[in-house]
Amino acid sequence: MADLFSDEWMKSFQGVWNADPGLKDALAEIGFNSVIGYGMPGEDGPRGFIAVENGEITSAGTYDGQELNWDIRAEQKNWEKWLNKGIGMAGMG
């Protein structure tokens, strides 16, 4: 398995996201566009990013200074828990 938020991991995440019509199509219906960074607290920048256009990830990989709309950070243990069990509303808080 690729390291969390590595280029390989982000591209795999792109494939999973885009293959989920419940996610992709719902976001397309509301015209969701965003560039989102993912990483760990205390680091200089995110590790990975996705660019979403009309609900579909059009670009993903290692963060390299892209202008972000969202910069989502959490501890490694939380990312692992969410990846295994889902994030849920309580986790979003």
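So, D7 first: in this predicted model, its relative accessibility comes out at 33%, so it counts as partly exposed. Its partner is K11, and the two side chains meet in a salt bridge, with 3.0 Å from N to O. K11 sits at 41% relative accessibility, which means it is partly exposed as well.

Where are these two along the chain? Both D7 and K11 belong to helix α1, which covers residues 7-18. They are four residues apart, and that is about one turn of the helix.

Why would such side chains get together at all? Side chains of opposite charge can pair when their charged atoms come close.

Now, how many salt bridges does a search of the whole structure turn up? The answer is three, and D7 with K11 is one of them.

Let's move along to E43. This residue forms a salt bridge with R47, and the closest N and O atoms there are 2.6 Å apart. Buried or exposed, then, for E43? Partly exposed, because its relative accessibility is 30%. R47 has 32%, so R47 is also partly exposed.

That leaves D71 and R73. Their side chains meet in a salt bridge too, at 2.7 Å from N to O. D71 has a relative accessible area of 39%, which makes it partly exposed. For R73 the relative accessibility is 27%, and that again counts as partly exposed.

If you have the structure open, do click through the three salt bridges: D7 with K11, E43 with R47, and D71 with R73. Thanks, everyone!

Notes
Residues are numbered from 1 along each chain as its sequence is written. This is a predicted model: local features need pLDDT of at least 70, side-chain atom pairs count only at pLDDT 80 or more; totals for chains, interfaces and linings use all residues. Side-chain values use heavy atoms; hydrogens and water are left out. A salt bridge is a side-chain nitrogen of Lys or Arg within 4 Å of a carboxyl oxygen of Asp or Glu. Buried means under 20% relative accessible area, exposed over 50%, partly exposed in between (1.4 Å probe, protein chains only).
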